[in-house]
Amino acid sequence: MRKQAISIALVLSGLVVLAGVLTDWRIASGYVMGAAISALLYWRTTMFCDQVLDQQAAGKIGLIGHFLFSYLLMALPLLIAALVPEVFNIFAAAGGLVLMKVVLILDSVLERREKDG
């Protein structure tokens, strides 16, 4: 990941957490939990892709296992937020899960804009 993408993630997260702290701290806690899982999922996916490309093949069991575990990780913050709504906001947790997708899209747009001049 480029340094620019990391900066985008930190700025977006900082703004959301600041807004959450100023309005309702459960928004901040839910977002942080979702964003942490989002970053973990991004890291797991990059490691998995590197392993597959190094081996030039992926077993069906490994592929299925990777995606099943990823889906379980995605469901975890939503489940926790649903079970403990007095601590975590479920919508903020869902927003945190989307963090890396938004960051990668923004980074791609900005990179494209830099190339085009």
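**Exercise 1.** Is Leu 104 buried, partly exposed or exposed? Place Leu 104 in its helix and in its surface patch.

*Solution.* The model is predicted.
- Step 1: Leu 104 belongs to helix H5.
- Step 2: its relative accessible area is 32%. Buried needs under 20%, and exposed needs over 50%. Leu 104 is therefore partly exposed, at 32%.
- Step 3: Leu 104 joins Met 1, Ile 6 and Leu 10 in a nonpolar surface patch. The patch area is about 370 Å².

**Exercise 2.** Find the helix that holds Ser 70. Then classify its burial and list what it touches, leaving out residues up to four places away in sequence.

*Solution.*
- Step 1: Ser 70 sits in helix H3, residues 60–83.
- Step 2: the relative accessible area of Ser 70 is 4%. The cut-off for buried is under 20%, so Ser 70 is buried.
- Step 3: beyond four places in sequence, Ser 70 touches Leu 41 and Arg 44.

**Exercise 3.** Which residues of helix H4 are buried? Work out how they are arranged around the axis, what covers them and what caps the helix.

*Solution.*
- Step 1: H4 spans residues 90–97, and its buried residues are Ala 92, Ala 93, Gly 96 and Leu 97.
- Step 2: they span an arc of only 150° around the axis, so they lie on the same side of H4. An α-helix has 3.6 residues a turn, so residues three or four places apart point the same way.
- Step 3: the cover over the buried residues of H4 includes helix H2 (25–55), H3 and helix H5 (99–116).
- Step 4: Asn 89 caps the N-terminal end of H4. One of its side-chain oxygens is 2.8 Å from the backbone nitrogen of Phe 91.

Conventions. Residues are numbered from 1 along each chain as its sequence is written. This is a predicted model: local features need pLDDT of at least 70, side-chain atom pairs count only at pLDDT 80 or more; totals for chains, interfaces and linings use all residues. Side-chain values use heavy atoms; hydrogens and water are left out. Helices (H or I, at least four residues) and strands (E, at least two) are DSSP runs, numbered from the N terminus. Buried means under 20% relative accessible area, exposed over 50%, partly exposed in between (1.4 Å probe, protein chains only). Contact means heavy atoms within 4.5 Å. The arc is that of the directions from the helix axis to the C-beta atoms. A polar contact is a pair of N or O atoms within 3.5 Å; within protein, one must be able to donate a hydrogen and the other to accept it, and residues adjacent in sequence count only if both atoms are side-chain atoms. Patches are made of residues with over 30% relative accessible area and no salt bridge: like charges are joined within 9 Å, nonpolar side chains (Val, Leu, Ile, Met, Phe, Trp, Tyr) within 5 Å. Accessible areas come from the Shrake-Rupley method with a 1.4 Å probe; for residues, only the protein chains shown count as cover. A salt bridge is a side-chain nitrogen of Lys or Arg within 4 Å of a carboxyl oxygen of Asp or Glu.
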